[in-house]
Amino acid sequence: MKCPHCGHEMPDDYLICDKCGEEIQIVPDFEPEIENSITETLSTLVSLQEEADDVETAGAGDFDGADETDDAGVIKRSRKPQVILALVILLLAAVISYALYAYHIHTVDYQINKAAAYAEKGDYNEAIACLEMAYADYPEEARLLFMEADYYYLQQMDNYALSALMKIIDTDTAPIYAEEDVEEAYGKIVTIYANQKEYGMINELLRACDNERIVSMFQSYLAMEPEFSYVEGSYAEVIPLKLSSNTAGTIYYTMDGMKPDKNSPIYTSPLFLETGEYTVSAFFVNDYGIESDIVTKTYVINLAVPNAPKVELYSGEYTGATMIAVEPAEGCKTFYTTDESEPTADSVPYTGPIPMPLGKTLFKFVNISSEGIASEVTTRTFTLRLRGAIPTETAVTNLVNRLVATGYLDDATGKNPRQSGVLSYQFSSVLRVGEEDYYTINEYYDDGTGILSRTDKVFLVQIYDGTAAQLGYDENGAFMANLL
């Protein structure tokens, strides 16, 4: 096909000349086959009409309605009725040809190709007009809306692009479109909103979507309400309440019924609900700053509080080595502190009688049930004074000297023939062994890094005469002093 403007040869399906850029057919010409058919039909009509006129002219001198007779006397009938019939048939063929042409220019593929040609030239308005014309006749063709949205997007007309895409996901019309078309439309809409940083619009869009697959594809943009690991109600146990969100972000909460905000505590670990009533409120903020609605649940925990620990010794001053014993409580573990802090399940566990420390010491004991419920705290203050006892520093020196004398140590610095590091010794407590009181001294090893590791040896030094021994046990498990 040649361009009527510049004569350039180009493919038949081009609508715009790729050389001069002129439009070939704003109102498209007939297809060659259709045009040829109509031309031939019209030519035939003209020929038949002329022939009919000749026949009528030739018989004009005869009387009306008479047949013509040839030289042999054969009657020749008029050809006018046949000509009229032929004219009608040819006219009908022309009408059908034109109808086929009219149908062709309204097909989807024709309008899409025409729109693409306009778009290639940069004439997006004409391209969109072609697409809208086709969409009016073929609303089930999602590709028309995708192309229209793309052309609007290229012109930075995002709102118009969104309008076209929304027609695909509209719940009133979406069933006519394939699932993959709907998913693609959501993807394009989310992309446009994300580029605009309109994350709130994405959140609203996805919350209105009932397609779980699509929601899961873009859940990072969603800010769903936090999920609680326990339904609200009454419980007879401690609840390790967990709060979770649908994606990355932050959960803020309160436990006193107050409305949480971004100044409220941030949830990082389970909330242990013990005896009492709790009103827990929480909301979620995703990484895009979108906030969920607030969720509130109420829990009532009814648990039996265990009895406080029973300590056999009363507070007071003691003058000899004494063991501090606590009566065990069924179903509970006992913990204690000596630094004036409140005891918890993270404090030192009570496993048996404790040697009373020298000087004045405040003990705090607590029982904690298997459900995690803490009892009241039992407090005792003990003062241990050993009259006439050697100082603890002297006891440690006596021990080291004895270990050197026995060859256990090379010298008083703690070097020994069995290890490359050094050994050191520290006073621990006062312990009654048999009928005598001893200082207990623990042994530590330093491999050169400065970190002390306690060994399994415990030494004894008699508190009055400084005799050194090693702690041992007899066949009944009782303490015994093995002299060095």
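These legends walk you through close-up views of aromatic and nonpolar side chains in a predicted model.

**View 1. Tyr252 stacks with Phe283.** A search of the whole structure finds 18 aromatic pairs (rings of Phe, Tyr and Trp, the last by its six-membered ring, with centres within 6.5 Å; planes under 30 degrees apart count as stacked, over 60 as edge-to-face and the rest as tilted). In the stacked pair of Tyr252 and Phe283, the centres are 5.4 Å apart and the planes 20 degrees apart. Tyr252 sits in strand 7 (residues 249-254) and Phe283 in strand 9 (residues 276-286), so this pair ties together parts 31 residues apart in sequence. Strands are DSSP runs of E, at least two residues, numbered from the N terminus. Both residues are buried, meaning under 20% relative accessible area (exposed is over 50%, partly exposed in between; 1.4 Å probe, protein chains only).

**View 2. Phe363 and Phe365 belong to an aromatic cluster.** Their ring centres are 5.8 Å apart with planes at 5 degrees, so this pair is stacked. Phe363 and Phe365 are buried. Tyr318, Tyr336 and Phe382 join them in one cluster.

**View 3. Two charged side chains lie over rings.** Look for Lys297 over the face of Phe228, 5.7 Å from the ring centre, and for Arg418 over the face of Tyr408, at 4.3 Å. This arrangement requires NZ of Lys or CZ of Arg within 6 Å of the ring centre and within 35 degrees of the ring normal.

**A note on reading the views.** Residues are numbered from 1 along each chain as its sequence is written, and side-chain values use heavy atoms, without hydrogens and water. In this predicted model, local features need pLDDT of at least 70 and side-chain atom pairs count only at pLDDT 80 or more, while totals for chains, interfaces and linings use all residues.

Note on methods: Helices (H or I, at least four residues) and strands (E, at least two) are DSSP runs, numbered from the N terminus.
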